[in-house]
Each structure stands twice: as structure tokens, then as C-alpha cells.
Amino acid sequence: MTRRGLSLLQKGLLIISIPLVFQLALLVLLFNQQRRQTYAQEMAVHTKEVIVVVDRILESLLVMQADLRGEMLQLPATIEPGGEAEHTLPDQLQELSALVSDNPEQVATSANLATLIESRLRWSAEIHGMLRDGRNAQAIAESQKGEGASLMRQIRDEIGTIRVREEALDRARLAALAETTRRFQFVLIAGLILDVAMAAVAIYLLTQSVGRRVRLLTENVNRIKAGDPLLPATSVPDEVGELDRSFHAMAAALAEAQRKERDFQRTIEGHNAELTRANHELKQKNQENEMFVYSVSHDLRSPLVNLQGFSNELGIVRNALTELFAQPLDEAARGRGLRMIERDISEPITYIQNAVTRLSSIIDALLRLSRAGRVEYQPVTVDLELVIRRIVGALRGSIASRRADVRVQAMTPTWGDPTAIEQIFANLLVNAVNYLDSARPGVIDVGVEKQDDAGTTYFVRDNGLGIAAAHLPKLFSVFQRLHEKVAPGEGVGLALVRRAAERHGGRIWAESEEGVGTTFYVYFPHESASPLQAALKKERLTATSPLPAELVGAAAAE
Amino acid sequence: MNPEPLKIILAEDDDGHAHLVQRNLERAGVVNSFVRASDGQELLDLLFAEGAEPETDATVILLDINMPRIDGIEALRQIKANPATRHIPVIMLTTTDDPREVDRCYSLGCNVYITKPVAYEAFIDAIRRLGLFLEIVRKPRSGGGT
């Protein structure tokens with residue numbers, strides 16, 4: 001608000017006031033002109049008055065002269081000779097001097113005139129005196145000297161001068177008045193035209209700028225409606241400008257709100273995607289768990305079948321023996337009984353014992369698997385070359401007995417739990433040694449496959465029996481034994497390895513060709529990318545989770 | 001009347017299971033010949049070996065599902081895919097009764113599905129009835145004589 005300069009009202013007033021000032025100036029000029037005209041008229045009257053006065057003076061003098069002549073001719077006087085003029089002339093002269101008092105030239109001339117008239121009056125009074133005394137001839141002679149006539153001529157000249165001067169003044173004044181009137185008319189017309197033009201221009205400019213900005217506003221409102229970017233705000237600080245700025249502020253607020261909404265939407269979408277992913281993972285995990293339970297129940301039931309079947313067998317043998325011992329034993333029956341004990345009892349017992357051992361080892365394996373998911377990792381930088389050499393050293397016996405060659409390349413160190421990492425490589429190396437093909441000399445290579453910014457991929461390659469393509473997908477599942485007869489085991493080794501690698505944020509996979517060999521790849525992320533960093537705390541928490549869930553989650557790897 | 005004893009080929013990786021099946025069949029007297037294969041591969045080798053005699057009408061295959069190398073399902077598929085062995089009745093044996101697996105076995109053409117641990121009386125009975133059935137269907141081909 002405080003930034004606002006001229007408001008629309010102020011602009012309007014300004015537009016009205018500019019011609020008003022102009023008109024006021026014209027009015028002043030008009031008054032001035034009127035005053036001049038009045039003055040000119042007054043002066044014209046003044047001139048006339050002067051002329052009238054001098055005419056009257058002349059007339060009085062002429063009357064006086066005529067009376068004097070008449071007296072000389074001894075004509076009866078109509079009036080007291082010279083009396084009238086003698087009395088009126090001084091007044092008339094006074095009137096004249098008052099009238100011309102503003103003009104020094106006229107003042108001088110009229111003073112001169114007054115002197116002349118006084119002389120003439122004096123001369124006239126002299127003649128008059130002669131006549132009255134009866135010295136007519138002297139009077140006539142005196143008058144014929146021409147002094148009176150000369151005075152009269154001078155008076156006439158002076159009067160003429162005054163008259164001409166007054167008339168000239170009058171003409172000059174009239175001419176000046178006409179000039180100013182003409183100029184004034186010009187100024188008036190020009191002023192009016194200019195006034196109208198200025199008002200028109202001001203109104204045009206105002207409406208133009210207001211109209212343009214109102215159109216801009218309309219355009220901006222449409223843009224808001226359409227969601228387009230607004231035209232730049234005008235800097236004019238009036239109401240329209242303010243409205244425009246308000247629109248911009250509103251549009252900005254609207255855009256901000258929309259942006260927030262979009263962000264919100266994106267966040268929600270992100271969460272949704274995360275949920276979907278989590279859901280998918282859970283579904284997969286659930287399926288894996290089902291598979292795991294299926295697999296475990298199968299493996300647990302297999303020894304149970306033996307336990308049931310062979311205990312049943314033992315029952316049958318017991319019945320047979322009971323029947324045998326119901327009669328007195330002869331030599332043949334004794335022999336039969338001993339054979340039964342020897343064969344039909346020892347054999348089931350062996351199977352039952354095996355089944356019990358098998359059950360026990362399965363349960364042990366499950367516990368190991370559970371522990372693999374729970375054990376707290378202590379991640380450090382692990383010198384893998386040292387680890388591999390230690391494993392190879394421990395396997396020296398079996399490697400030698402299979403006459404295998406283990407070749408360890410330069411290993412870059414990795415970051416993780418040393419025990420878990422040793423367990424992973426030990427499992428892979430033991431498998432490689434165990435499943436070598438006895439038909440050819442065994443060669444096992446260990447090394448770095450690939451190293452990039454994210455992590456390192458190691459490999460353990462053998463030229464052993466290999467794995468059929470159909471079995472590769474099940475390779476890391478629990479209780480999958482592909483070469484059951486070749487080496488003993490419960491089928492949890494690779495499941496454990498996979499579990500450990502995944503807990504390191506890594507991955508394990510295999511490529512194999514049956515009869516040619518197998519390559520296992522293990523990928524570990526670098527320290528900076530390892531989930532163990534962040535997961536350390538969390539794992540301390542999960543370590544207290546109930547066993548079954550942990551066990552299922554840990555082992556249902558495929 | 002007891003049917004003619006059958007020739008049984010058992011594919012089973014668990015020695016104990018194989019032992020139990022053999023014992024019970026022998027005790028019941030429904031078998032005169034018993035052959036054991038320790039996995040699917042061995043069974044197929046046995047059936048499709050070079051110069052192997054075609055199996056007689058009195059042969060029945062007992063097939064465990066969970067076996068290393070070639071499992072029971074794959075072995076069943078190959079047996080039913082081969083004209084030479086397609087006619088042999090197959091009884092599937094398994095430790096679980098997962099319906100998906102049961103369906104899969106039947107869709108591949110197995111004749112009977114028996115879940116372990118077997119109540120051997122019922123098992124033997126099934127084998128016996130199968131033998132009887134085989135004898136009945138065999139009769140027209142043997143010219144109607146007994």
C-alpha cells in the first residue's frame with residue numbers, strides 16, 4: 001500500500017487539473033484584456049472630452065472676437081461684451097489642464113495655450129477699453145496691427161496641436177487595442193485547442209495505460225485458469241498494478257500449493273510404490289517360506305517314515321519271536337530265532353538309528369540357519385587373500401587326497417564380518433573340492449572377477465562335476481542336495497552362504513555346465529554402500545526375535 | 001484267487017524306504033521280482049538301456065517324487081512320453097500330500113498316488129488290486145484262457 005504512487009483518483013484529478021490550470025490562465029488573460037478594453041474606452045472618452053473642451057475654448061474665443069468686432073462696428077451687443085467668455089474660459093482651461101494632466105506634452109501645450117488665451121484676453125480687454133472710451137479709431141488701428149489676429153492664430157494652432165495629438169493618441173490606443181485583441185483571440189483559440197488536445201492526450205494516455213494493463217490482467221487471469229506462466233508484473237504503482245501484483249501473488253501461491261500437492265502426490269506415490277514393493281517382497285518371502293516349510297516337512301518326514309516303518313518291522317519280529325518262544329526251543333527253532341535277532345532286529349535298529357541321526361542333523365542345520373540370520377556381525381576390512389590361504393590350509397588334506405590344484409590370485413580386501421566371510425568362502429571351496437570330477441585332475445581358481453565403484457565380485461571356479469541347468473535355480477535353497485552320494489551334508493551350506501552374502505548387501509550366483517565345472521560368484525558392496533553400517537543396530541534388535549520366524553526368513557532363500 | 005505276482009520296479013533314493021517297501025511286498029507275496037533304482041536317472045537307465053527287454057504287462061513302477069538328479073516327476077514324464085514304457089502302471093510315492101504335486105502327477109498320467117509314511121496294509125492292498133486289475137485287462141489278449 002505504501003508503495004503506491006499515484007492512485008487512479010489522483011491520476012484522474014491530474015488529468016482534469018491540467019486543462020483547468022490552463023483554462024485559469026486563459027481566464028486571467030481574458031480579464032486582463034477586458035481591463036485593457038475598458039481602459040481604452042475610457043481613454044477614447046477622455047480624448048473626446050479634451051476635444052470638446054478645446055472646441056468650447058475656441059468657440060468662447062470666437063464668440064468673444066465676434067462680440068469685439070460687433071462692438072467696433074457699433075452694433076448693439078447681444079451680451080455684455082466679452083463678459084461671458086471672460087468668465088467661462090478660465091474654468092474651461094482648468095478643466096483642460098485637469099484632463100491632460102497625465103500627458104506632459106499636452107500639459108505644456110495647454111499651459112502655452114492658457115498663456116496665449118490670457119494675452120488674447122488682455123488684448124481684447126484693451127480694445128474693449130478703447131471702444132468703451134470712444135477711441136474707436138484707435139481701437140480699429142490697434143486691431144488692424146494684427147496682434148489680436150496673430151494671438152488668435154497661435155491659439156488656433158495650439159488647439160489644433162492638442163486636438164491632433166489627442167486624436168493621434170486615440171488612434172494609437174485603438175490600434176494597440178486592436179492588436180492586443182487580435183493577439184488575445186489567437187491565444188484564446190490556441191489555448192482552447194491546446195487545452196482540449198492536452199485533455200485528450202492525458203485521457204488517452206490514462207485509458208491506454210489502464211486499458212492495456214486491464215487487458216494484461218485479463219490475460220493473466222486466463223493464464224491462471226489455464227495454468228500457464230503469468231506475464232511479468234507491471235511496475236506501475238496504482239490500483240491496477242496492485243491488482244496485477246495481487247494476481248501474481250495469488251498465482252504464485254496457487255503454483256506453490258500445486259507444487260506442494262504434486263510433491264505430496266509424489267510422496268504418496270513413492271510410498272505406494274514402496275508398499276507395493278514391500279508387499280511383493282512379502283508375498284515372495286511368504287511363497288519362499290511355504291516352499292521352505294514344504295521342503296523342511298518333507299525332509300523331516302522322510303526319516304519319520306523309516307522310524308515308523310522299521311518300528312513296525314520290529315513289532316512283527318517281536319510277534320514272530322513271541323510265537324517262537326511259545327514252544328519249547330529245539331535246535332532249529334533256536335537257530336531261526338538267532339537269525340531273526342541277527343537280521344530282522346539289527347537291520348531295523350540301524351535304520352532307526354540312522355533316521356534319528358538324520359533328524360538330529362536336520363534340526364542342527366535348522367538351528368545353524370537360524371543363527372546365520374541372527375548372529376551379530378562385526379564388520380571390518382577383511383584381508384581376503386589371508387582368509388583364502390587359511391581356508392586352503394585347513395583343506396590341505398582333502399585337496400591333497402584329490403590331487404587338486406588350488407590357485408589363488410591376488411585378492412582385494414573387502415569389508416564385512418570376518419567370520420561370515422570366511423564361512424562363505426570356506427563353503428564354496430569345500431564344495432569345489434568335494435564335487436571335483438575324479439575322472440580328471442581337479443583345478444580350482446579363486447580371484448577377483450570385477451571391481452567397480454559399488455563393490456567387488458569374487459569368483460571360485462572349479463572343473464568338477466557341474467550342475468544340470470534344471471537344478472541351478474534350486475542351488476541356494478535349503479535341503480537341496482544335488483550330488484547326494486558324492487559327499488555328506490544336510491544341504492544347508494549354500495543356503496547359509498546366500499543368507500550371509502545377502503546380509504552383507506551382497507549377492508551370490510553360479511554358472512555351471514554339467515561335466516565341465518562350476519563357477520560361483522560372490523559380490524560384496526564397498527564399505528560405504530554396505531547395509532551392515534546402518535543395520536548393525538537393527539540386527540541387535542532382531543537377534544531377540546523368536547526363532548521360527550527368523551529361521552523361516554533366514555532360510556527360505558529361493 | 002491271488003493274482004499273478006507282479007514285477008515291481010522301485011525308484012527310491014532312501015535305502016530305508018526302499019527296504020520297507022520291498023519287505024512288505026515280499027511278505028504279502030504279491031511280488032515275484034523286485035528291482036531297485038536309487039534315483040530317477042537310474043530308473044530311466046534301467047528302462048531305456050541299450051538292449052533292455054521290453055517290460056512285461058505285469059510290471060508296476062513305484063516312483064518316489066523327491067530324488068536327486070532326476071526326480072520322480074521328470075521320470076514320470078519321460079516314462080509316459082515314451083511309447084515303449086507308456087503302458088506301465090506307475091504308483092507315485094511321496095512323503096507329502098501337496099495337492100499341487102498330486103495334480104501334476106495325475107496330469108502326467110500316474111495311476112495311483114500314495115502318501116508315505118505308508119500304512120503298509122493299505123499299500124499292499126492297492127498293489128494287489130492293481131495286479132488283479134492288470135490280470136483282468138490282460139485276459140482278452142492271452143486268448144481267454146486262465
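In this predicted model, strands β6(A) and β7(A) form a hairpin in which three residues separate the two strands. Within the turn, A:Gly515 adopts a positive phi of about 85°. The strands themselves, residues 507-513 and 517-525 of chain A, pair in the antiparallel sense over seven bridges, and A:Glu511 stands opposite A:Thr519 of β7(A).

The hairpin belongs to an open sheet of five strands in chain A, ordered β2-β4-β5-β7-β6, with mixed pairing. Its edges are β2 (405-408) and β6 of chain A, each of which pairs on one side only. On average, neighbouring strands of the sheet are turned by 20° against each other, direction ignored. Helix α10 of chain A, residues 418-434, packs on this sheet and touches β4 (443-451), β5 and β7 of chain A; the direction of the helix makes about 20° with that of β5(A). Strand β5(A), residues 455-462, is joined to β7(A) by eight bridges in the antiparallel sense, with A:Tyr458 having A:Val522 as its bridge partner.

Attention now turns to chain B. Helix α1(B) comprises 14 residues, 15-28, and reaches 20 Å from its first C-alpha to its last, close to the 20 Å expected at 1.5 Å a residue. Its buried residues are B:Gly16, B:His17, B:Leu20, B:Val21, B:Asn24 and B:Leu25. Viewed down the axis of α1(B), these buried residues fall within an arc of 160°, so they line one face of the helix. Just after the helix, B:Gly29 takes a positive phi of about 70°.

The two chains meet in a contact that takes 14 residues from chain B and 18 residues from chain A. On the side of chain B that touches chain A, three residues are nonpolar, six polar and five charged.

Note on methods. Residues numbered from 1 in each chain as written. Chains lettered and ligands numbered in written order. Predicted model: local features only at pLDDT ≥ 70, side-chain atom pairs only at ≥ 80, totals over all residues. Helix = DSSP H or I, 4+ residues; strand = E, 2+ residues; numbered from the N terminus. Expected span 1.5 Å × (residues − 1). Buried ≥ 20, exposed ≤ 12 C-beta atoms within 10 Å, placed from the backbone. Arc of directions from axis to C-beta. Contact = placed C-beta atoms within 7 Å. Nonpolar A, V, L, I, M, F, W, Y, C, P; charged D, E, K, R; others polar. Pairing = 2+ DSSP bridges. Axes fitted to C-alpha atoms, helices over the stretch in contact; angles between N-to-C directions.
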